[in-house]
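Hi everyone, thanks for coming. Please have the viewer open while I talk, and stop me whenever you like.

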Amino acid sequence: MAYDIFISYRRVGGYETAKHLYDLLVHDGFTVSFDIDTLRNGLWTQELENRIAECKDFVIILNCGAFDRTIDGSTPFEKDWLRRELAKAIELKKNIVPVLLDGFEFPENLPDDIRLVAEMSGPKYNSYYFDAFYEKLKSGFLTAKPQHASPTGAVLKLSTDMPCSVYIDGEKKCDIQPGNIVKLPMNPGQYSLRCVSAVNPAMFIFLYVELAPGHEKLQFINLAPQQKPYNQPPRQQQQPRQGGYQPTPHQPRKKKKDRTALIVIGCVLGFLLLCFIIGAVSAMIDDSSSSDYDYNYEDTDTVAVEAASPQPLYPYYDSESGLYGYKNADDEVMYVPQFEEAGTFDDDTVTIVRRDGVYLYFTISGYLYEIEDTIPAD
C-alpha cells in the first residue's frame with residue numbers, strides 16, 4: 001500500500017497530536033503512514049525507508065524538547081528515529097511540514113543533516129482553534145489529495161462548558177476547552193463517554209451516544225455544578241428508604257416519634273383521635289423505613305439535579321457483565337451497565353447506586369455524587 005503522508009513524532013509528547021491528525025486525515029480520505037512504531041525495531045528497515053521515499057508530504061510533530069536527545073548526544077544516531085526519519089526526508093527533498101506544539105523552539109545547534117527543518121514553514125498550531133489549524137494544514141501545506149471519500153464513517157463533535165478530559169469506552173480520547181468543538185472521527189455504533197472535569201477531577205458525568213453511518217453528532221457536555229460539589233457533605237441527618245434514596249421535596253423530615261407515647265395520648269383523647277394518630281404513624285412508617293445506615297442530607301436543591309426533560313428510568317441487569325444499567329419506558333438503554341447495585345427512581349430524580357464498592361447518589365440526568373458515609377457491601 002502506498003502512503004501519501006508520513007507522520008513522524010516522539011512517542012512522549014507528540015503521540016496524542018499525531019494520532020488525532022491521523023484519525024482526521026484518514027477519515028477525510030488520505031492515505032497516511034502512522035504505525036511506524038512497529039517498524040522501529042532497532043534496525044533501519046527497508047519498509048520504513050520505502051514509506052518515506054513514496055510519501056508526498058512528511059509531517060513532523062515537534063513537541064517541547066523533541067530534539068533534546070539529539071543535541072545532548074544521549075541517544076546514538078541509529079536509535080534516534082525522529083532524527084533519522086527527518087534526515088531521510090530532507091535528503092529525498094520531500095515536502096516537509098513541521099507542526100510546532102506549544103512551548104517548542106528550534107535549538108541553535110541542530111546537526112547539519114536536519115538543520116534545514118528550522119527554515120521550513122507549517123501551519124500555526126493552536127489547541128484552542130484546532131479546526132482552523134487542521135483546515136489550513138490541508139488546504140495550504142499538504143500536496144497530497146484525498147484518495148477516496150468515507151461515506152460510512154461518523155463524526156462525534158464535542159463541546160463543553162468546563163475544561164474536561166473525555167474517555168470513550170474507557171480510553172482517553174481528548175481534552176476540551178470551553179468554547180471549542182473537538183471533532184472525533186468514529187465508526188458507527190454505540191459508545192459510553194466519561195467526561196472528567198479538569199478543574200475538579202472528582203466531578204464527572206457519564207454519557208451514552210449512538211453514531212449513525214455518514215452522520216455527524218454534536219454532543220454538549222454539561223459539567224457546570226448546579227449544586228454544591230458532592231465532596232462537600234450536607235450537615236443534617238436523614239433516613240434512606242430501603243432499596244433507594246427518597247428525598248422529601250420542599251420540607252425537612254419530621255423527627256421520629258415514640259409510638260408508645262402516641263398510643264397513650266390516643267387512649268386519652270379518645271377513639272377518633274386514636275384512629276387519626278394510628279393512620280398518621282402508619283404513613284410515617286411507610287415514608288421512612290428502617291435502615292442500618294445513615295446519610296447526610298440537606299435541602300433538596302443541594303442534591304437533586306433538574307434534568308432538561310426527565311423521563312422514567314428503570315434498572316436492568318446485564319448477565320454478561322454482571323452489572324446494572326438503566327432503561328427508559330421504551331426499553332431503550334439510557335445508561336450502559338456500570339453499577340454493582342442500582343436503586344429505583346420511582347417518582348424521584350435521584351437514587352442510590354454502588355460503583356467500585358462505593359455507594360453514590362445517581363441523578364436521572366447522569367450525575368454521580370458521593371455520600372458522606374460509605375455503605376459496606378453485603
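I'll start with the overall picture and then go through a few local features.

First, please keep in mind that this is a predicted model. The protein chain has 378 residues, and 43% of them are buried. Its secondary structure comes to seven helices and 20 strands. If you take the contacts with a separation of 6 or more, 62% of them join residues 24 or more positions apart. As for the surface, the chain exposes about 20,600 Å², with carbon and sulfur atoms supplying 51% of that area.

Let's move to helix 2. Which residues of helix 2 are buried? In this helix, which spans residues 46-54, they are L48, R51 and I52. These residues lie on the same side of helix 2, because they cover an arc of only 95° around the axis. And what covers them? The cover includes strand 1 (5-8), strand 2 (32-33), strand 3 (57-62) and helix 4 (81-91).

While we are around helix 4, have a look at D80. You will find D80 in the loop between helix 3 (68-72) and helix 4. Despite the loop address, D80 counts as buried, at 1% relative accessibility. Setting aside residues up to four places away in sequence, D80 touches R10, R69, T70 and T75.

Now the cysteines. How many disulfides does a search of the whole structure find? The number is zero. Remember that a disulfide is a covalent bond between the sulfur atoms of two cysteines. For C164, the closest cysteine sulfur is in C195, and at 5.5 Å it is too far for a bond. C164 itself is buried, with 2% relative accessibility. C55 is buried too, with a relative accessible area of 2%.

On to the aromatics, which I enjoyed most. Searching the whole structure gives 16 aromatic pairs. One of them joins Y125 and F130: the ring centres are 6.1 Å apart and the planes sit at 85°, so this pair is edge-to-face. Y125 is buried at 14% relative accessibility, and F130 is buried at 10%.

Compare that with F345 and F362. Here the centres are 6.3 Å apart and the planes meet at 45°, so this pair is tilted. The pair links distant parts of the chain, with the two residues 17 apart: F345 is in the loop between strand 17 (341-342) and strand 18 (350-355), while F362 is in strand 19 (residues 358-363). Both F345 and F362 are buried.

Those two rings also belong to a cluster. Ring pairs link F345 and F362 with Y326, Y335 and F339. Let me stay with F339 for a moment. F339 lies in strand 16 (residues 333-339), and its relative accessible area is 0%, so it is buried. Leaving aside neighbours within four places in sequence, F339 is in contact with L323, Y324, Y326, V353, R354, R355, F362 and L368. If you would like a distance to check in your viewer, F339 and Y359 are 9.7 Å apart, C-alpha to C-alpha, and 20 residues apart in sequence.

There are also charged side chains over rings. R194 lies over the face of F204, at 4.7 Å from the ring centre. K327 does likewise over the face of Y316, at 4.6 Å from the ring centre.

Last topic: backbone angles. Most residues other than glycine have a negative phi, and most peptide bonds are trans. Which way does the phi of K93 go, positive or negative? It is positive, at about 60°, although K93 is not a glycine. K93 is in the loop between helix 4 and strand 4 (95-100), and it is exposed, with a relative accessible area of 76%. D356 is another non-glycine with a positive phi, of about 55°. D356 sits in the loop between strand 18 and strand 19, and it counts as exposed at 65% relative accessibility.

To wrap up, here are the places I'd revisit in the viewer: the buried residues L48, R51 and I52 of helix 2, the ring cluster with F339, and the positive phi of K93. Thanks for listening, and I'm happy to take questions.

Terms used. Residues numbered from 1 in each chain as written. Predicted model: local features only at pLDDT ≥ 70, side-chain atom pairs only at ≥ 80, totals over all residues. Heavy atoms only, no water. Helix = DSSP H or I, 4+ residues; strand = E, 2+ residues; numbered from the N terminus. Buried < 20%, exposed > 50% of the residue type's maximum accessible area, 1.4 Å probe, protein only. Contact = heavy atoms within 4.5 Å. Areas by Shrake-Rupley, 256 points an atom, 1.4 Å probe, with all protein chains shown as cover. Arc of directions from axis to C-beta. Disulfide = S-S within 2.5 Å. Phe/Tyr/Trp six-rings, centres within 6.5 Å; stacked < 30°, edge-to-face > 60°. Lys NZ or Arg CZ within 6 Å of the ring centre and 35° of its normal.
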